[in-house]
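Colleague: Could you take me through one part of this model slowly, starting from a single charged residue and its partner, and then follow the surrounding strands, loops and side chains? I am in my first year, so please connect each step to the one before.

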Amino acid sequence: MASIIIGSQWGDEGKGKLVDILSQQFDVVARCQGGANAGHTIVVDGKKIALHLIPSGILNEKASCILGNGMVIHLPTFFKEVQGLQDKGINYKGRLFVSDRAHLVFDLHQMIDAMKEAELSNGTSNDSIGTTKRGIGPCYSSKASRGGLRVCDLYSPEHFKKTFTRLVENKHKRFGSFEYDVEAELKRYQEFAEMLKPFVIDSVYYLNQAFKEGKKVLIEGAQSTMLDLDFGCYPYVTSSASSVGGACTGLGISPNKVVTQIGVVKAYTTKVGSGPFPTEQNDHVGDSLRKAGSEFGTTTGRPRRIGWLDAVVLRYTSMINDFTRLNLTKLDVLSDFEEIKIGVDYKYKGETIKSFPASLETLAQCEVVYESFPGWKCDLSHVTEYDQLPIQAKNYIKRIEELVGVPIVYIGVGVERKNLIERKELI
């Protein structure tokens, strides 16, 4: 059976650390969607390892790792990450695989991504989405319009050349003249095809065979539910299904295979890109949290927007994903605050609304109802057991559980692997 780790906010919750730790208990770790727009940073023995495509479970040398069919893969980035693993002495050979059905992100897609953002930011109003410009949206667009290329197409040279040439021609029609050397790119991808061969598998068959053999599979979600193409703050979303449903379509497995849904919750809220952000703090609170939490994007380096924890968002994402347990991360970042707040409800035109609104115009007009809690004003990095936490921190955790209706099983109190409290009695 499978477990999935999903972000419950706007991304950057710290999913990679939990995947890294829990992967020790699994035989297979798989990513199901997204591309190099994800950024998971793991700290082991004081050393940072940043991954954008390869599952964080790669650090468990007993686990096989799969880039699933629902992903979009930029091969230069993939090979750069593979080289990084090799440089750090991490053995990946024979256990890192790429789905033959995954779509390919070309430099062309990245150029289009930048051009579209520039288009949207022109004029009196800046309507840009705030993408990572990694070509993810344009690649998924090519996929949806049936004009994309998959990993398996690398091994059909004539078909690859014809489809790729048509893809470039279509983009010229849409965006006008821009410099792009088609022949050089075709040659480069011929070389990539040979380099990629040892990694390519039929991932759908591989995973379903693993289930038949009784193997345990951990699914690593990228981005987060509030960035989901259907359920996020559209259009300020990613281009894939980053909630639990994406695991089925992005890996080719049936829904009944996923039996544990773990929601990762940062102890406060962060967001990158544009769009309404109800609990945002554009003041000394936000600045202090950003500094204490090192809130700068792994993929882009952009400073993240900061706000208090939003229970309306958590209830909404828990409803969608049916979380069975939660991982509360970065609790230690709140340690210097005298007062800590949770947004518990939204009011729209004086009335409390039942759930997270679809309309961004409505969302922008919502007033957040807060509850305040006393801070604990002490270092948590040495804490290894739940009972060692100060009562103020326990009360904060308990209130989150009450507001969301899901037990908090894992609590992060620092950046290292060792800085994770596990409440085994709740599992």
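Modeller: Asp20 is buried, with a relative accessible area of 0%, and this, like everything that follows, is read from a predicted model. The side chain of Asp20 meets that of Arg417 in a salt bridge, with 2.7 Å from N to O. This pair ties together distant parts of the chain, since Asp20 lies in helix H1 and Arg417 in the loop between S19 and S20, 397 residues apart. The two partners can also be set side by side by their exposure: Arg417 is partly exposed, at 32% relative accessible area, whereas Asp20 is buried.

The loop that holds Arg417 leads us to the strands on either side of it. Strand S19 (residues 408-412) pairs with S20 in the antiparallel sense over three bridges, and within this pairing Ile411 stands opposite Ile421 in S20. Both strands belong to an open sheet of 10 strands with mixed pairing, whose order is S9-S7-S5-S2-S10-S1-S11-S15-S19-S20. The edges of this sheet are strand S9 (200-201) and strand S20 (420-422), each of which pairs on one side only.

Following the order inward from S20, we come to S11 (residues 258-266), a strand that is mostly covered, with eight of its nine residues buried. On one side S11 pairs with strand S1 (residues 2-7) in the parallel sense over six bridges, and there Ile6 stands opposite Gly263. S11 also pairs with strand S15 (residues 325-329), again in the parallel sense, over five bridges, and here Val265 stands opposite Leu328.

Helices lie across these strands as well. Helix H12 (residues 391-404) crosses S15 and S19, running at about 135 degrees to S19. Helix H7 (residues 203-212) lies across S1, S2, S5, S7, S9 and S10, and its direction is at about 140 degrees to S5.

Now we can return to the stretch just before H1, where Asp12 is found in the loop between S1 and helix H1 (15-22). Phi of Asp12 is near 60 degrees, a positive value in a residue other than glycine. This deserves a remark because most residues other than glycine have a negative phi. Asp12 also takes part in a salt bridge with Arg304, in which the closest N and O atoms are 3.3 Å apart. As with the pair we began with, distant parts of the chain are linked, for Arg304 sits in the loop between helix H9 (284-292) and strand S13 (305-307), 292 residues away from Asp12. Arg304 is buried, at 5% relative accessible area, while Asp12 counts as partly exposed at 24%.

Salt bridges are not confined to these two pairs: a search of the whole structure finds 19 of them. One of them joins the side chains of Asp100 and Arg101, at 3.6 Å from N to O. Asp100 counts as buried because its relative accessible area of 18% falls under the 20% limit, and Arg101 is partly exposed at 36%. Elsewhere, salt bridges that share partners join Asp12, Lys266, Glu295, Arg304 and Lys330 into one network.

A useful contrast comes from Glu81 in helix H2 (residues 75-87). Glu81 is buried yet has no salt bridge, because the nearest side chain of opposite charge, that of Arg31, is 6.8 Å away, and a salt bridge needs a nitrogen within 4 Å of a carboxyl oxygen. Leaving aside its neighbours within four places in sequence, Glu81 is in contact with Leu51, His52, Leu53 and Ile54.

What, then, of disulfides, and how many does the count give? The count comes to zero. Cys65 is in no disulfide, the nearest cysteine sulfur, that of Cys32, being 14 Å away, and Cys65 itself is buried at 0% relative accessibility. Cys152 is likewise in no disulfide, with the sulfur of Cys139 as the nearest, 13 Å away, but Cys152 is partly exposed at 27%.

Finally, a second loop residue may be compared with Asp12, namely Arg146, whose phi is near 65 degrees and so also positive in a residue other than glycine. Arg146 lies in the loop between helix H4 (136-144) and helix H5 (157-175), and it is exposed, with a relative accessible area of 75%.

Definitions and conventions: Residues numbered from 1 in each chain as written. Predicted model: local features only at pLDDT ≥ 70, side-chain atom pairs only at ≥ 80, totals over all residues. Heavy atoms only, no water. Helix = DSSP H or I, 4+ residues; strand = E, 2+ residues; numbered from the N terminus. Buried < 20%, exposed > 50% of the residue type's maximum accessible area, 1.4 Å probe, protein only. Lys, Arg positive; Asp, Glu negative; His and termini not counted. Contact = heavy atoms within 4.5 Å. Pairing = 2+ DSSP bridges. Axes fitted to C-alpha atoms, helices over the stretch in contact; angles between N-to-C directions. Disulfide = S-S within 2.5 Å.
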